Amino acid sequence: MHDIKYIRNNPQEFDAGLARRGLAPLSAEILRLDEEKRAVQTELQELLSKRNSFAKKIGEAKRSGADTTQIMEESRLVNDKIAGLESALSGRGKLEEMLETIPNLPAADVPDGADEHGNKQVRIVGEKPKMDFAPKLHDELGVALKLMDFDAAAKLSGARFVVLKGALAKMERALASFMLDIHTNANNPNLGGYTEHVPPFLVRDNAVYGTGQLPKFSEDLFKTENGFWLIPTAEVPLTNLVADSIIDADSLPIRMTAYTPCFRSEAGAAGKDTRGMIRQHQFSKVELVSITSADKSEEEHERMTGCAEEILKRLGLHYRVMLLCTGDMGFGSQKTYDLEVWMPGQNAFREISSCSNCGAFQARRMKARSKAKGAKETEFVHTLNGSGLAIGRTMVAILENYQQADGSILVPEALRPYMGGLKVISG
């Protein structure tokens, strides 16, 4: 949600930010609607004052025995106008609809660009694995090992689902434990320190509205018949834990992590990654969420990205960090780093984590504030979220990077203690 005060004071800067997002200027229309709304508010205040005045006059007339017919009628008309204006102000008007459907403005250091081709490589870590054979795709490997079954999943649920068995099912659980242990470790001040949570997987409208999925992206979500939304990521419940609250500024930053299933309809991804485990309706992810002050959010963003990178480093996976351009960022983000891991079977880098700084954009929607000791005013917190990492895509990366010529899979050393010492997955 955008700050109307900022738009009033900086209309040109606001439109310039929209232009970087590929949008037409909107400040003039927003300020027109804002002026209309404020005019209604002013009229309402005047009518409320007039109603109070009528109440006093009616009381005085009754005490003196005077006729109150005319003044009562005038009071009734005022009350009718008040009711109408209050009704108009209570709902979501055109102004609110505009403010809640316009994407966040990009940070100054975000590169301009129309799509992923405008993204900027920040760094590249590690090297591609050397293979003296033609690498296979992860789904070919998993199916050949009889540990990945897409046909069985299709019978149960249709396309974009998978059944994992045996060692790969164990790897799913192992990866989650491995990631959570690293993220919750408080021994290194530059890594970890996240508090593990187990949040609800079903949430109400206000939660998905607070993080920006509603009202604009409802088609990307799954909804139950009784009104709950299945979470698309643990970002939704974790971030909303601070909704409608005033946080002691001394308690910031708040760092949270959770391992949850995630559910996405992939309505906007028809035809993309239809085979394998890259893009599914149900997948698991370890999420990172930070709540911090405005002056610390950039620093927290770099730290969070480093925490996600640490998983890839320990697993020995080759990856790069990309700074997303204005045309490739998510709706609520003001700056995003994507971690892209090398996939030998696909001969390409693929996204495995997205770490975003949303600034005060989500906090304003959720009414999440902080207050320093002795301060008179509150301020909106800044919220950040990132994948630490997506479990399915991490498994895909392990299968493709650690495959052997005979189709077996080496288990990364860092993961072996979580898999009972297993070193090789073979048929």
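Reader: How many bridges join strand 10 to strand 16, and in which direction do the two run?

Author: Happy to start there, with the note that this is a predicted model. Val 289 of strand 10 stands opposite Asn 385 in strand 16. The two strands run antiparallel, and the bridges that join them number 7.

Reader: And which strand is joined to strand 10 by 10 bridges?

Author: Look at Val 289 again: Met 256 stands opposite this residue of strand 10. The strand in question covers residues 254–263 and runs antiparallel to strand 10. With 10 bridges between them, the partner is strand 9.

Reader: Is strand 10 largely enclosed or not, and why?

Author: Strand 10 has 11 residues, and we can ask how many of them are buried. The cut-off for buried is under 20% relative accessible area. Since 10 of the 11 residues are buried, strand 10 is largely enclosed by the rest of the structure.

Reader: Which residues touch the most other members in the largest nonpolar core?

Author: That core holds 51 residues. Elements giving two or more residues to it include strand 10 (282–292), helix 11 (297–314) and helix 13 (391–401). The members that touch the most others are Met 171, Leu 175, Leu 415 and Ile 425.

Reader: Which element gives the most to this core?

Author: Several helices and strands give two or more residues, among them strand 12 (335–343), strand 13 (348–357) and the helix at 166–184. The top contribution is 10 residues, and it comes from helix 8.

Reader: What is Ile 425 in contact with, leaving aside its neighbours within four places in sequence?

Author: Ile 425 is one of the residues that touch the most other core members. Its contacts include Leu 145, Leu 147, Ala 167 and Leu 168. Also in contact with Ile 425 are Ser 408, Ile 409, Val 411, Met 419 and Met 171.

Reader: How many residues are in the other core that lies apart from it?

Author: Val 289, which we met in strand 10 opposite Met 256, belongs to this other core. Ile 247, Leu 252 and Val 381 are also among its members. The residues of this core number 13.

Reader: Let me turn to a small sheet: which strands stand at the edges of the one with the order 5-7-6?

Author: This is an open sheet of 3 strands with antiparallel pairing. Strand 5 is joined to strand 7 by 2 bridges, and Leu 202 has Leu 230 as its bridge partner in strand 7. The edge strands each have a single partner strand, so one side of each is left without a neighbour in the sheet; they are strand 5 (202–203) and strand 6 (222–223).

Reader: Is Ser 297 buried or exposed?

Author: Ser 297 has its place in helix 11. Beyond residues up to four places away in sequence, it touches Thr 292, Asn 357, His 382 and Leu 384. Its relative accessibility is 2%, so Ser 297 counts as buried.

Reader: What distance separates the C-alpha atoms of Arg 416 and Ala 174?

Author: Arg 416 is found in the loop between strand 17 (409–410) and strand 18 (424–425). Along the chain, Arg 416 and Ala 174 are 242 residues apart. Their C-alpha atoms are nevertheless separated by 8.7 Å.

Reader: Finally, what share of the residues of the protein chain counts as buried?

Author: The chain has 13 helices and 18 strands, and its C-alpha trace spans about 105 × 45 × 40 Å along its principal axes. Of its 427 residues, the share that counts as buried is 48%.

Terms used: Residues numbered from 1 in each chain as written. Predicted model: local features only at pLDDT ≥ 70, side-chain atom pairs only at ≥ 80, totals over all residues. Heavy atoms only, no water. Helix = DSSP H or I, 4+ residues; strand = E, 2+ residues; numbered from the N terminus. Buried < 20%, exposed > 50% of the residue type's maximum accessible area, 1.4 Å probe, protein only. Core = buried A, V, L, I, M, F, W, Y, C linked by side-chain atoms within 4.5 Å. Contact = heavy atoms within 4.5 Å. Pairing = 2+ DSSP bridges.
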